[in-house]
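Work through the exercises below with the sequence and the structure in view, and try each task before you read its solution.

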Amino acid sequence: MDLIPAPSAVRLDPHRTLPLGPETTLAGGPGTEAAERWLRAVLGAATGLALAPADDPRIELRLDPGLAPEQYRITIDPERALLAAGGPGGLHWAAETLRQLLGPEAFRRAPLRRTGWALPLGEIADAPRFGWRGMLIDTARHFLPKPDLLRYVDLLAAHKLNVLHLHLTDDQGWRFEVRRYPRLTEAGSWRTHSMVGFRDGQRWDDKPHGGFYTQDDLRELVAYAADRGITVVPEIDLPGHNQAAIAAYPELGNTDVVDTAALGVWTGWGVSSHVLNPSDATLAFFEGVLEELLEVFPSEFVHIGGDECPKDEWRASPAVQARIKELGLRDEDELQSWMIRHFDRWLADRGRRLMGWDEILEGGLAPGAAVSSWRGFAGGIAAARAGHQVVMCPEQHVYLDHRQGAGPEEPIPVGYVRTLEDVYRFEPVPAELDERSARQVIGTQATLFTEFAENPREMDFRAFPRLAALAEVAWSALPADPAARDWPGFERRTAAHLARLDALGVEYRPLTGPRPWQQWPGVVGRPLDGPPPRR
């Protein structure tokens with residue numbers, strides 16, 4: 001049936017079916033409400049069937065305490081279809097699989113036909129390989145309006161991805177409403193213009209860009225995602241990547257070496273040299289930010305960045321040098337680690353866990369902190385061996401803003417070339433980890449920074465269909481040896497899966513290359529033979 005991601009076990013007979021028609025009913029029991037509501041809504045819209053509740057339904061949803069929370073089982077016989085799972089999340093994954101069994105037309109919002117709907121008889125037993133199967137969406141470089149963000153939640157769920165890592169702040173924009181600090185969004189969420197293309201090209205548009213999410217917007221997002229089995233993990237960057245915050249509140253910067261009152265939200269790409277000062281007042285400011293963040297996001301993990309913090313201002317600042325001496329630290333690198341450990345303890349005291357990019361390892365972490373390994377595998381390997389949980393997301397393999405082909409027609413062809421096959425052959429658990437350390441790799445995620453994806457159409461092009469490959473890597477029991485994986489089989493299933501993406505309105509990159517209107521007419525100021533820095 002060309003299912004993506006591939007289930008653990010499938011036994012279906014397409015020649016024997018359970019027909020669905022006007023008399024078809026749908027119902028569940030305690031704990032199944034979210035999946036039942038979703039399935040009735042999407043299948044009702046696509047098929048035109050009412051799918052009314054009943055005591056003896058044709059489609060039944062049930063929680064089974066004998067299954068793990070995300071494990072599910074689908075049994076279809078001539079009388080009914082039974083979807084059973086160990087928890088609400090697993091039941092949603094069962095419902096997503098059921099929709100795939102009905103064909104691409106089941107992914108539309110209105111019926112193209114009202115008859116002929118049927119499910120193949122048989123069984124599917126399925127469970128994920130990893131508990132963390134995610135995607136980072138960068139809303140700071142280019143703001144993604146709420147309807148489009150909710151659409152991406154649906155796309156993640158359709159691929160059984162269960163974490164949305166939401167990058168909310170950076171030098172180029174602040175997207176999270178903080179009620180006690182209103183200028184973060186009044187001033188920090190808008191920039192006067194934006195860089196176009198590569199930094200070396202030194203070109204800008206003439207359009208103001210910005211936007212932010214209210215706290216109620218984000219509560220809505222969290223609830224919407226939870227109904228679909230997805231956890232939203234917020235990221236607030238510290239102590240670098242903060243020019244937008246400094247533009248709103250200049251006292252957060254290093255005022256003894258920079259006229260921070262003259263700074264605006266950064267209009268370029270890359271990493272700004274303007275970083276937070278390490279004063280008690282700045283720490284208290286961001287504790288206030290995080291207090292409001294915790295009220296909105298119930299996730300176990302809170303991501304604080306912790307990467308790419310230029311130290312030039314700290315080296316030049318008498319106030320920072322006095323702070324280093326006061327704290328008994330050796331240098332500016334230790335100062336950054338001290339700031340990370342401060343928020344590590346602060347979050348732990350409130351029952352949350354810190355997550356950060358792999359640079360946070362450099363100063364030591366509390367036992368509960370986790371690492372996003374982005375600069376390759378080395379940081380993740382070191383973290384796992386030290387007993388920290390790890391999400392493997394090396395830029396060389398799963399950064400979807402990087403180009404998908406070597407040709408000049410790729411839109412703003414940045415970064416490493418990573419094809420659909422490359423992503424499918426990505427293995428998140430390094431072979432050099434022993435069994436104990438390998439268990440610390442809790443999953444993987446794709447990453448989509450948006451310097452070069454200023455709207456949902458461009459995001460779609462970069463994300464799909466490679467995100468489908470990442471979803472299979474994260475979910476399915478693939479051979480650990482990438483060379484042993486069935487690439488021709490996945491390529492065939494992907495070709496069928498594109499019809500589902502068409503029905504969903506996803507403007508993916510075709511397997512044969514960019515469509516004419518997706519092509520880049522020329523490369524400005526940068527050769528194609530090397531990756532730029534991540535940011």
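Three exercises follow, each with a worked solution, and they concern a predicted model.

**Exercise 1. A sheet and its helix**

Task: Work out in which order the strands of the open sheet of 6 strands stand, and which strands lie at its edges.

Solution: Begin with the order of the strands, which reads β1-β6-β4-β5-β3-β2 across this open sheet, and note that the pairing is mixed. Next, look at the two ends of that order: β1 (9–20) and β2 (26–28) each have a single partner strand, so one side of each is left without a neighbour in the sheet. On average, neighbouring strands of this sheet are turned by 20° against each other, when direction is ignored. Then take one pair from the interior of the order, namely β3 (residues 59–63) and β5 (residues 81–85), which run in the parallel sense and are joined over 5 bridges; within this pair, Ile59 has Ala81 of β5 as its bridge partner. Finally, add helix α1 (residues 33–47), which packs on the sheet and touches β2, β3, β5 and β6 (117–126), while its direction makes about 170° with that of β2.

**Exercise 2. Two helices in contact**

Task: Describe how helix α5 (residues 215–226) and helix α7 (residues 280–296) are placed against each other.

Solution: Two packed helices are described by the angle between their axes and the distance between the axes. Here the axes of α5 and α7 come within 9 Å and cross at roughly 40°. Since this angle is neither under 35 degrees nor in the range from 65 to 115, α5 is oblique to α7. As a next step, find the residues that meet: Gln215, Leu218, Arg219 and Val222 come from α5, and Glu292, Glu295 and Val296 come from α7. Sorted by type, the residues of this contact are 3 nonpolar, 1 polar and 3 charged.

**Exercise 3. A strand covered on both faces**

Task: Determine which residues of strand β16 (residues 370–373) lie on each of its faces, and how β16 is joined to β15 and β17.

Solution: In a regular strand the side chains alternate between the two faces of the sheet. In β16, Ala370 and Ser372 lie on one side, Val371 and Ser373 on the other, and all of these are buried, so that both faces are covered. Now turn to the partners: strand β15 (residues 353–357) pairs with β16 in the parallel sense over 3 bridges, and Gly356 stands opposite Val371. Strand β17 (residues 389–392) also pairs with β16 in the parallel sense, over 4 bridges, with Ser373 opposite Met392. As the last step, follow the chain from β16 through helix α11 (residues 378–385) to β17, which gives a right-handed β-α-β crossover.

Note on methods:
Residues numbered from 1 in each chain as written. Predicted model: local features only at pLDDT ≥ 70, side-chain atom pairs only at ≥ 80, totals over all residues. Heavy atoms only, no water. Pairing = 2+ DSSP bridges. Axes fitted to C-alpha atoms, helices over the stretch in contact; angles between N-to-C directions. Contact = heavy atoms within 4.5 Å. Parallel < 35°, antiparallel > 145°, perpendicular 65-115°, else oblique. Nonpolar A, V, L, I, M, F, W, Y, C, P; charged D, E, K, R; others polar. Buried < 20%, exposed > 50% of the residue type's maximum accessible area, 1.4 Å probe, protein only. Right-handed = clockwise from strand over helix to strand, strands pointing away.
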